[in-house]
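Got your viewer open? Keep the selection box handy, and we'll go stop by stop.

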Amino acid sequence: MKQINNNPKKKIFSGIQPTNTPHIGNYLGAMKNWLKLQDEYECTYSIVDLHSITVRQDPAKLRKQIMESFALLIAMGLDPEKSTVFVQGHNPRHAELSWILSCYTQFGELSRMTQFKDKSKKNSDNINAGLFTYPVLMAADILLYQADLVPVGIDQKQHLELARNIAVRFNNAYGETFTVPEPYISKSTAKIMSLQDPFAKMSKSDENPNSSVSVLDDRDTIIRKFKRAVTDSDKEICYKEGKDGINNLISIYSAATDKSIEQIEKEFDGKGYGDFKIAVGEAVSDMLKPMQERFKEIIKDKKYINDLMILGAEKAQRATFKTLKKVHKRVGFVVL
Ligand code: TYM
């Protein structure tokens, strides 16, 4: 007998670029939430290789980074049976929907994207069309899976608003086709700042290696980077306006230990910045250790990674067949 599912799980989609090893901003701002959500929702998580070539990449390094980023998601605890974990380029429907949606996106809208403006400044010798249409591909990623929620850091909010606008526009023109997605952003970890400049976001492309902590950094390196973190000339460890460096460290410590800001302020009452910085480094290292140990095992087994990539690709392709077919029908293509 055919079963009717009255209470389907809500859907989640999110992605990460394989441009470098993820840092603790990526981990706390996005990846940690991915894990938290995987039991309650139907989740799809992607290593977005197509997005990464908007900036010139070394092919051998990129291939290695894709393998490693994928292995990290598994090492982190994502269950490839329960969730769909896949490499974006392994499902060609992303690129296809992206083309269609680009015909429903205005030049003016894309010109207003702050990441496009920032990246064009940083890569002034390579302002390619892909960099400009990047947010359309991101909209295609999300809409293809009919995602209800998209867990991201705050830097992706503008792209998500564009995805929502494209979905609403398409639905208004052709009738309900896409779910209009909502952002899922954790307030306290939405924007982890650079350890060297508390006014700049922690970023994979920062040239100063002390500005960010990679999720694969060893314990000594992590503690050393936190010891060198730029703070202020005050002494008190408390979360307040104007103490951006300390506020950032408190947010990181809180996320790594699950302690509240009040508990942290009490714990370090009367103690100095030096002690606090070491404690943050130790907590971050403890948080990352299980993932690092698992990663070391997984990355040795290329066949295991390859098999899981095939599984993810099959699941991703299966999940998106219907939506793309519907889009073809809606816009007037001949569907065979
Ligand atoms: P990417 O690869 O730059 O970053 C991956 C995730 O990490 C978050 N993030 C941060 N969170 C807090 N503090 C920070 N300093 C920090 N830096 C990065 C990002 O917000 C992101 O959630 N365009 C996306 C990838 C993407 C995507 C998608 C995301 C492609 N398609 C569809 C969601 C849905 C990007 O470049 O993320």
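Which residues of helix 1 are buried? Select I24, G25, N26, Y27, L28, G29, A30, M31, N33, W34 and L37, and you have them. "Buried" here means under 20% relative accessible area, while "exposed" means over 50% and "partly exposed" is in between (1.4 Å probe, protein chains only). Two bits of housekeeping before moving on. This is a predicted model, so local features need pLDDT of at least 70 and side-chain atom pairs count only at pLDDT 80 or more, whereas totals for chains, interfaces and linings use all residues. Residues are numbered from 1 along each chain as its sequence is written, and side-chain values use heavy atoms, with hydrogens and water left out.

**Stop 1: helix 1**

Stay on residues 24-37. Helices (H or I, at least four residues) and strands (E, at least two) are DSSP runs, numbered from the N terminus. Helix 1 is mostly covered, with 11 of its 14 residues buried. Now click on A30: a kink of about 35 degrees in helix 1 is centred there. That bend is the angle between axes fitted to the seven residues ending at a residue and the seven starting there. Put a distance on the end C-alpha atoms and you get 18 Å, which agrees with the 20 Å that the 14 residues should span at 1.5 Å a residue. The expected span of a helix is 1.5 Å times one less than its number of residues.

**Stop 2: the ligand**

Next, select the ligand and show its neighbours, counting a residue as near if one of its heavy atoms lies within 4 Å. Which of the 28 residues around the ligand come nearest? They are Y134, D141, G153, D155 and I192. Strand 1 (11-16), helix 1 and helix 7 (129-144) each supply at least two residues of this shell.

Colour the shell by class and you should find 12 nonpolar, 11 polar and five charged residues. In this scheme Ala, Val, Leu, Ile, Met, Phe, Trp, Tyr, Cys and Pro count as nonpolar, Asp, Glu, Lys and Arg as charged, and the others, Gly among them, as polar.

Now for polar contacts, meaning pairs of N or O atoms within 3.5 Å (within protein, one must be able to donate a hydrogen and the other to accept it, and residues adjacent in sequence count only if both atoms are side-chain atoms). Try these three side chains:

- D155: one of its N or O atoms is 2.4 Å from an oxygen atom of the ligand.
- Q156: here the partner is a nitrogen atom of the ligand, at 3.1 Å from a side-chain N or O atom.
- K204: an oxygen atom of the ligand sits 3.2 Å from an N or O atom of this side chain.

Switch on a surface, too: the protein covers 96% of the 710 Å² of accessible area that the ligand has on its own. Such areas come from the Shrake-Rupley method with a 1.4 Å probe, and for residues only the protein chains shown count as cover.

**Stop 3: T54**

Jump to the loop between helix 2 (49-52) and helix 3 (59-76), where you'll find T54. With 7% relative accessibility, T54 counts as buried. A polar atom of the T54 side chain lies 2.8 Å from the backbone oxygen of H51.

**Stop 4: helix 10 and D258**

Select residues 244-257. Helix 10 has 11 of its 14 residues buried, so it is largely enclosed by the rest of the structure. Among the buried ones are N247, N248, L249 and I250. Its end C-alpha atoms are 20 Å apart, which agrees with the expected 20 Å.

Step along to D258, in the loop between helix 10 and helix 11 (261-267). Is D258 buried or exposed? It is exposed, with a relative accessible area of 67%. Check its phi as well: the value is near 65 degrees, positive in a residue other than glycine.

**Stop 5: Q146 and T320**

Q146 is another residue other than glycine with positive phi, near 55 degrees. Look for Q146 in the loop between helix 7 and strand 4 (149-151); at 14% relative accessibility, Q146 counts as buried.

Finish on T320 in helix 13 (residues 302-331), which is buried with a relative accessible area of 0%. T320 and L143 are 177 residues apart in sequence, yet their C-alpha atoms are 9.5 Å apart in space.
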